[in-house]
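Got your viewer open and a selection box ready? Load the model below and we'll walk through it stop by stop.

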Amino acid sequence: MSGILKRKFEEVEASSSPCSSTRESDDEVSCSESGDSSDSVNPSASGPITPNSILKREKRLRTRRVHFENVTVYYFNRRQGFTSVPSQGGSTLGMSNRHSWIRQYSLGDFALEQERIHRDMLRDHLKEEKLNSVKLKLVLVQWRFTFYLYVFTYGVCFLKKTPWLWNTRECWYNYPYQPLSVDIHYYYILELSFYLSLLFSQFTDMRRKDFLIMFLHHLATISLITFSYVNNMARVGTLVMCLHDAADVLMEAAKMANYAKCQRLCNLLFAMFAILFISSRLGLYPIWILNTTLFESWEIVGPYPSWWVFNLLLFMLQLLHSFWAYLIVKIGCRAISRGKAGKWNPLHVSKDDRSDIESSSDEDDSPPPNQKHHNSTTNGTNKAHGTNGYLTGATCPDEH
């Protein structure tokens, strides 16, 4: 079948030539020249018709081009939709049947308008994300503040009835045959469960720059609580836990005031926290706690293998206290230097000091630097403006 079609195409090609194919090349040239000259002189004269080959069609030149001059934008008012969204548990946003406003732009003005709208939407989106982040952190800080306040109140109420609060040598009399009361057991279970939750939540929360330091702190605290409970050093363990909870209450309160933008209250709470932290963990902790674990226990009980491990963990905790005290003093010096110029926030520090502290309220309204805006002029729409698009905090009619 292919051979028959090939022969038919060859016959069409042979019949389309003005001269016979059996002539020589010189005759073909002269014939073609005579044919061309006769056509150019007398185009209406009778001559051989040369149909165009079906295999050699000339390409048509496209002369028409579409030009866009203006862009017409129709604005529709928002209204309640009638289709539900099961994943969000509510109804969608719709549009009114007729537009409420018409505006015409040139292509350049429309590109600038779309860029402005995109920039405003991005700024609103960043503000909303930051607000949600602050709300989440505020909830976590409130939870920690509630726990520290409760457990510190419980510890003070329990320890004021015990003799080893007033005389630390009572922690080692009759050791290790000291009875374990229900109050001590409950106190230990509360503290251990809380620090275990902080340890595991580090891997699920936002990664901070002081991740390793806090991880070591939680490990040292959990090891101290577990080790003192197993070795029946619960008396001195209750003193250590109550001493640490005192400063943590003020720290979480200062964070709450910072997130709530209560500047004066934040300044006052932070100053109280700094004084209490330095006096308790750099003054009272080594004088009261390390003195009884190192010297009084050596005098009454004597050294034993677990004694070395317990004091090593206490020394590791003291090194962390010194590092944090350095950061607190550094923050205080920066706050004082900023206070000379006007408003200052002690919890607003650089990323080098503490990575989880929010920026001050002065930076909330500033746009993010080095933003890259995307222009979109195709069909006069923007990607963010769909039929049921949502504009956060928009005060003008929505664009469709």
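The tour goes from nonpolar cores to salt bridges. One thing to keep in mind as you click: this is a predicted model.

**Stop 1: the largest nonpolar core.** Select Y148, W164, Y195, Y285 and F310 and show their side chains. This core has 41 residues, and those five touch the most other members. Now colour the helices that feed it: α3 (107-159), α4 (182-201), α5 (211-230), α6 (234-259), α7 (263-300) and α8 (305-339) each give two or more residues to this core.

**Stop 2: around W164.** Centre on W164 and bring up its surroundings. Leaving aside residues up to four places away in sequence, what does W164 touch? You should find F158, L159, E170, C171, I184, R235, T238 and L239.

**Stop 3: the second core.** Next, pick A257, L320, W324 and L327. They are among the 19 residues of a second core, separate from the one you just left.

**Stop 4: salt bridges.** Time to switch to charged side chains. How many salt bridges does the structure hold? There are six, and we'll visit some of them.

Start with E113 and R116, whose side chains meet at 2.5 Å, N to O. Both sit in helix α3, and because they are three residues apart, about one helical turn separates them. Turn on a surface and compare the partners: E113 is buried, at 16% relative accessible area, while R116 is partly exposed, at 35%.

Then jump to R169 and E299, a salt bridge of 3.4 Å, N to O. R169 lies in the loop between α3 and α4 and E299 in helix α7, so this pair ties together parts that are 130 residues apart in sequence. Is R169 buried, partly exposed or exposed? With a relative accessible area of 23%, R169 counts as partly exposed. Its partner E299 is exposed, at 55% relative accessibility.

Now select R281 and D248, which form a salt bridge of 3.1 Å, N to O. This one also links distant parts of the chain, with R281 in helix α7 and D248 in helix α6, 33 residues apart. Hide the surface to see them properly, as R281 and D248 are both buried.

**Last stop: a network.** Go back to E113 and R116, and add D120 and R123 to the selection. Salt bridges with shared partners join these four residues into one network.

Note on methods. Residues are numbered from 1 along each chain as its sequence is written. This is a predicted model: local features need pLDDT of at least 70, side-chain atom pairs count only at pLDDT 80 or more; totals for chains, interfaces and linings use all residues. Side-chain values use heavy atoms; hydrogens and water are left out. A nonpolar core is a set of buried Ala, Val, Leu, Ile, Met, Phe, Trp, Tyr and Cys residues joined through side-chain atoms within 4.5 Å. Buried means under 20% relative accessible area, exposed over 50%, partly exposed in between (1.4 Å probe, protein chains only). Helices (H or I, at least four residues) and strands (E, at least two) are DSSP runs, numbered from the N terminus. Contact means heavy atoms within 4.5 Å.
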